[in-house]
Amino acid sequence: HERMFSSANSLMRAIHRLVSRVGGSLESTLLELRLENGALMQAALPPHARVPSLILRRARKTGGRLQDLVNLGVLSAAMSEFLEVCMRERRNLMVSGYGRGVVLGALGGGTAAGARVVTVEPVSELDLSGTHAAWIGLIGRGQEIRNLIGHAGRMHPDHLMITDVRGPEALDVAAALCGGQGVVVGVDAASALESIGRLESLARLSSESPSRKALREELAQGVNLAIHVGRTAAGAYRVMEIAEVALGEDGGIELIPVFIFKPEGGDGQFVATGHVPAFAG
């Protein structure tokens, strides 16, 4: 923001007012609170920080259609058509990358007419009110997320969308992927392959986790596609890869690309590899 606080003391007073409004306290020097308007407040205070620091992040509502992302150049028309078919047929999808929220919102808009969609989010970002789906949005953080995922599964939705997996709730997510259809999961990872490995590692944080081998086999059977969103050198969002998830001969997870983005030649281009996923055969 162009305007600045006049001093460290004035910033401390502002932080104190924000914390007081949501019933928090300044007992800790590292703060993370959700404000009344849904914004996430993060503050670092001395001695953990050189000077008082404040970050406010507002959730950007995401929704729309896959065609909107085609118009923006985020993915190709062929990729959009393929993902729409996957959503209508209730395939299980993993979405990773910094721009995954935009893609998750568009996938939510690609559900079949009259489909029942339940979303589970740490903060309300998806807006599926403009779609033809019957949408129930659940919001919670920490331990609440595990309870919400279980509750959402018992609703027997046509699509269950879990936008951000960051802890031991990954075990519940893995169970949902293995036991149901139409599950769409968002994970923070640097590649499509890493997203599967990260979900596996997070699931093993839970004391109830099965062996690594069993968990890996479950994920290979439960996840149909991995989608990764990245940024070009110019900062534009692109769907970098759509790949089928399979169990390799060595017992590891194998990804077989269906579409890839090649950055060469100006704006780059989306390329179909020619591979037809086993579930589409």
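In what order do the three strands of the antiparallel open sheet lie? In this predicted model, the order is β1-β2-β3, and the pairing is antiparallel. The edge positions are taken by β1 and β3, each of which pairs on one side only. Neighbouring strands of this sheet are turned against each other by 10° on average, direction ignored.

The register of the three-stranded sheet can be followed through its bridges. Strand β1 (residues 30–34) is joined to strand β2 (residues 40–44) by five bridges, and the two run antiparallel. Leu 30 has Ala 44 of β2 as its bridge partner, and Leu 31 is partnered in β2 by Ala 43. Strand β2 is in turn joined by five bridges to strand β3 (residues 53–57), again in an antiparallel arrangement. Here Leu 40 has Arg 57 of β3 as its bridge partner. In a regular strand, side chains alternate between the two faces of the sheet. Helix α1 (residues 8–21) packs on the sheet formed by β1, β2 and β3 and touches each of these strands. The direction of α1 makes about 45° with that of β3.

A second open sheet is built from nine strands in the order β6-β5-β7-β8-β4-β9-β10-β11-β12, with mixed pairing. Its edges are formed by β6 (134–139) and β12 (269–272); each has a single partner strand, so one side of each is left without a neighbour in the sheet. From one strand to the next, the twist averages 20°. Towards the β12 edge, strand β11 (residues 253–262) is connected to β12 by four bridges, and the two strands run antiparallel. Within this region, Phe 259 stands opposite Ala 272 of β12.

Towards the β6 edge, helix α5 (residues 143–154) lies across β5 (116–121), β6 and β7 (159–165). The helix runs at about 175° to β5. Strand β5 contains Glu 121, which counts as buried because its relative accessibility is 2%, with under 20% as the cut-off. The side chain of Glu 121 reaches the backbone nitrogen of Glu 125 at 2.9 Å. Beyond residues up to four places away in sequence, Glu 121 touches Leu 126, Leu 138, Ile 139, Gly 140, Ile 145 and Thr 163.

Helix α6 (residues 170–179) has the buried residues Ala 170, Leu 171, Val 173, Ala 174, Ala 176 and Leu 177. The elements covering these residues include β4 (93–96), α5, β7, β8 (183–187), α7 and α8 (212–222). The cover of α6 thus includes both strands and helices.

The packing of α6 against α7 (residues 192–203) was examined further. The two helix axes come within 7 Å and cross at roughly 120°. The helices are therefore oblique to each other, as this crossing angle lies outside the range of 65 to 115 degrees for roughly perpendicular axes and is not over 145. On the α6 side, the contact is made by Ala 170, Leu 171, Val 173 and Leu 177, and on the α7 side by Leu 199, Leu 202 and Ala 203. By class, this contact comprises seven nonpolar residues, with no polar and no charged residues. Ala 170, Leu 171, Val 173 and Leu 177 are also among the buried residues of α6.

Definitions and conventions:
Residues are numbered from 1 along each chain as its sequence is written. This is a predicted model: local features need pLDDT of at least 70, side-chain atom pairs count only at pLDDT 80 or more; totals for chains, interfaces and linings use all residues. Side-chain values use heavy atoms; hydrogens and water are left out. Axes are lines fitted to C-alpha atoms, for helices over the stretch in contact, and angles run from 0 to 180 degrees between N-to-C directions. Angles under 35 degrees count as roughly parallel, over 145 as roughly antiparallel, 65 to 115 as roughly perpendicular and the rest as oblique. Contact means heavy atoms within 4.5 Å. Ala, Val, Leu, Ile, Met, Phe, Trp, Tyr, Cys and Pro count as nonpolar, Asp, Glu, Lys and Arg as charged, and the others, Gly among them, as polar. Two strands pair if DSSP finds at least two bridges between them. Buried means under 20% relative accessible area, exposed over 50%, partly exposed in between (1.4 Å probe, protein chains only). A polar contact is a pair of N or O atoms within 3.5 Å; within protein, one must be able to donate a hydrogen and the other to accept it, and residues adjacent in sequence count only if both atoms are side-chain atoms.
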